[in-house]
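Q: Please take a close look at one part of this structure, the pairing of its strands, and then carry the account on to the contacts and packing elsewhere. I would like the cut-offs behind each term to be stated along the way.

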Amino acid sequence: MTQQIQTAVAKLALSGDTLILRGPQRGNQPPPERTLGLSFIASPRLANVKKGQGDEEFAYEAREFLRRRVAGKPVRFVVRFKTPAGREYGSVYVGKEEEDVAELLVREGLAKLTDQTRSRMKRGINDDEEAEAVAILEDAEEHAKTGKRGMWSSRPDKRPRLLAFEGDAEKFVAEHKGRELRATVEQVRDAATLRVTLHLPSCHQTVNVQMAGIRAPSTSTENPEPFGEEARFQAEVKLLQQDVRVRLAAPSQIHGTFVGTIIHPAGNISEWLVSAGYARIVDWSMPHVEGGASRLRELELGAKQRRAKIWKDLKEQPSAPVVQAAAKDTKNFGATVVRVISGDTLVVHNSNTNKDIEIQLASVRQPRSSETDFSGYAEQARETIRKLCIGRSVQVSIDYTRPAQDGFRERDCATVRFNGEDIGERLVRAGLCTVLRHRNDDLMRSSNYDALLIAGSRAQETKSGVHSGKPKAASKPVNASENAARARSFISHMQRSGRVPCVVDHVLSGARLRLVVPKDNIRLTFVLSGIRCPRAPFNNEAGEAFGAEALALSTRIAMQRNAEFEAEAVDKSGGFIGTLWLSKDQSLTEELLEEGLASIHGPSADKSPYSARLYAAEERAQRLKKGMWAEQQSSDKSAGSAVNAGAQKAAKASEAVGAGAGSGSGAQTKLAPRFEFLDVRISEMCADPTSFYVQVAQKAKADELEKLMADLAIAPPNSAADAGFVPKSGQLVRARYTVGDEWHRARVRSVSAAKNECEVFYLDFGNSETLSIDRVRPLPAGFAQQPAFAQEARFAFLRLPSDGFAGDYTLDALEEVRRLVEGYDLVANVEAREPSGVMHLTLYDPKLGRPLFDKSVNAEIAAAGYAVADKQSIAARHNPQAADKI
């Protein structure tokens, strides 16, 4: 009897002889399905986990053959009979030729006639149509036997099929990460979670894969979500039992489940799901999205705007965080870091408003003080920011403002960049801070949030910092100023040590500070000797005149800076008295005196080894009528016993210190212009357009440098020193420059043991770079004595504008300076030299003939509007007429 032919789509092949067929879709509901066994034949049985049975030989090959032939394709089928239990059996035809898939399976030796069919054949089949179908299958089986195909051969796939993952998930990901693995989608659990079989060289491994960066609506029976079933159906249509490529990124918290990317021949499935409104972005797996999250966020924004599927009932939301700022320039501005409060909070000086503001790093959190086992990482985060950018220029972008709540005041949260690098991202990558997890609908987050998530993921993978699981308690320095007796036990050691390296931890007043000595793990109170500084306001008590200004100056130039101190004595309360050096020849005492914010204390100043310099600094402040001397006539000799007693000393000091190279601490207000011409070539431009490094452009010097490099290249290595060499900060080394792969003399600026790299400064060229430690070696003996060929310099009489000059303007200025000086032999007049050795130069193009100041490079930069006159510089003291021309 002729059976009715029906049409359907083959949803999947359950085994080598059973299919699930999908009927036509009705409305928005998933279409009806029916299970159909192929009549007259049986293929080897697949594994039964409940019964503990594995795959029979050729069972998986039969299922795979059937899957490739029919899965996802339209078919025609006939139901031949139905069992009392309701199970249907029939024939399925596929393709334009309407090939019988049962015949194809039998012909390939992947199925055979059932015993029941053979018995009926012996008894004789009454139905002619059925008899014809069985005869065709019998011929196909004989063909397979003759050709020794499939189960009639002895060559099954020896690779086992593993239905459960039992190995080490992290090791499995590490073995296959970055590779595209062939896979078959076995099940769509929800639109973003698939069960796939990975076809590996050693086995067929079945695992679950969650698509990175997205989440689809739930299809659970307990808590189904809107569009969950529709999203799963659409994913099944495209993916179920299809060949795909899988890239694994990380193990999930659920064993046997991995986070990764599914690549379909038509493209990235995650992007299609998000664009169609069948999935939303989730932050927890965003770091594993290949190529970054910007594409997914763009697609999700488009789906929201179209109100597609899961966004159907979305209410209007702002597309960016609402920042409580009065003007545009308060959101993005250049600033100087003046204080680091903690590993995620700092104070910056806004160059636009000339105000200090406290900001918190957006979406970044340091370990809390309550987490005592990890408080050392918070301390390390704070120290990292301090070393990196205290006193330096940064770019601040206010991302959002947290309103006052739970006892916390309103806070500005910002992305802070130093030299283009996000400080928060750097801390997160090192494992010193973690990333705050925001709700998906919380738009108050960092503008660099995706990069922060990626950095956090990398830190977890490398087990850096807090992710290492290793406790690290905060250091507890000894208080050397606890009392006078304890302080006296330290003073003799400090006096023998000379200048002691330290960090200015806090500024209590203009002349009283709290210092930390990291090497000895001690902290102490330090008082500047030789001066009397006005008392600063404290709590509700009014201070003395200029006390607040003195405190502000000391805070601005000394707070949290690396410094050195010389201890001379101890006071009654345990404070150490002496001189604080901010650089080699810059003392905080002289800075206060020069600005008229302190006066000489005669008895102690006379005992100081630097008394002449102190008196000279005070005399300069009096002459310029600065600070407390603003209303005093320069001819007034009754300003105090200290000045009268030191008048002769000051005159001698001014003469001694102001002579020669124009020392910044002793140079007089008006000195004769200098004429010291040199032939130079710019070897490196600094980030500040007014600063650079020069080499003397003389053949003898060039030959000398060439010989030094040649000798350095052939210098025999010190095997004892080179073995396991780890450089230290400040150490002279020889480093192999990346460009040219040649050895150069260098000084180590910083070392990162975790990354196995260090930052070096090349002495003879003035440039810097970060190198792997294996490209750095000890400097052979005899190469350290020769002076550096690159000398630090700056344009005389010029400075950058103090306000309104940030970001693009700095880059424009740098490009203009490069255009004027790079690659040219120039003539330089050394207008002045700072105590540190930095030269203030006026540059001339020798092609323009006699050097005229109006035609100098300095004048051209000022005329172009990229710099202004610096009348307070050391060069202007020597040549005020040139500063006036600028």
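A: Two strands are said to pair if DSSP finds at least two bridges between them, and the strands themselves (E, at least two residues), like the helices (H or I, at least four residues), are DSSP runs that are numbered from the N terminus. The model is predicted, so local features need a pLDDT of at least 70 and side-chain atom pairs count only at pLDDT 80 or more, while totals for chains, interfaces and linings use all residues. Residues are numbered from 1 along each chain as its sequence is written, and side-chain values use heavy atoms, with hydrogens and water left out.

With that rule in hand, strand β18 (residues 332-342) is joined to β22 by 5 bridges, and the two run antiparallel. Within β22, V394 is the bridge partner of A335. β22 also pairs with strand β23 (residues 411-418), again in the antiparallel sense, over 7 bridges, and Y400 stands opposite C413 in β23. Strand β22 (residues 393-402) is mostly covered, since 8 of its 10 residues are buried; here buried means under 20% relative accessible area, exposed over 50% and partly exposed in between, using a 1.4 Å probe and protein chains only.

Further along the chain, 5 strands form an open sheet in the order β40-β39-β38-β37-β41, with antiparallel pairing. Its edge strands are β40 (768-772) and β41 (776-778), each of which pairs on one side only. From one strand to the next the twist averages 50 degrees. Helix α18 (residues 699-714) packs on this sheet, where it touches β37 (732-736) and β38 (743-752), and the direction of α18 makes about 70 degrees with that of β38. Contact here means heavy atoms within 4.5 Å, and the axes are lines fitted to C-alpha atoms, for helices over the stretch in contact, with angles running from 0 to 180 degrees between N-to-C directions.

At the β40 edge, 5 bridges join strand β39 (residues 757-762) to β40, the two running antiparallel, and E757 stands opposite S772 in β40. Strand β40 also holds E769, which is buried because its relative accessible area is 15%. Leaving aside neighbours within four places in sequence, E769 is in contact with R736, Y737, T738, C758, E759, V760 and Y762. Of these, T738 lies 31 residues from E769 along the chain, with their C-alpha atoms separated by 8.6 Å, and the side chains of E769 and T738 make a polar contact of 2.9 Å. A polar contact is a pair of N or O atoms within 3.5 Å; within protein, one must be able to donate a hydrogen and the other to accept it, and residues adjacent in sequence count only if both atoms are side-chain atoms.

A second polar contact, of 3.0 Å, joins the side chains of R445 and D283. R445 is placed in the loop between β25 (434-435) and α11 (449-461), and it counts as buried because its relative accessibility is 12%.

For the aromatic residues, rings of Phe, Tyr and Trp (its six-membered ring) pair if their centres lie within 6.5 Å, and planes under 30 degrees apart count as stacked, over 60 as edge-to-face and the rest as tilted. By this rule the count comes to 12 aromatic pairs. One of them is the edge-to-face pair of F165 and F258, at 5.3 Å centre to centre and with 90 degrees between the planes. F165 lies in the loop between β9 (161-162) and α5 (169-176), whereas F258 is in strand β15 (residues 257-264), so the pair ties together parts that are 93 residues apart in sequence. Both rings belong to buried residues, F165 at 8% relative accessibility and F258 with a relative accessible area of 0%. F374 and Y377, by contrast, form a stacked pair, 6.0 Å centre to centre with 25 degrees between the planes; F374 counts as partly exposed at 24% relative accessibility, while Y377 is buried at 7%. F165 and F258 are also joined by F172 in one aromatic cluster.
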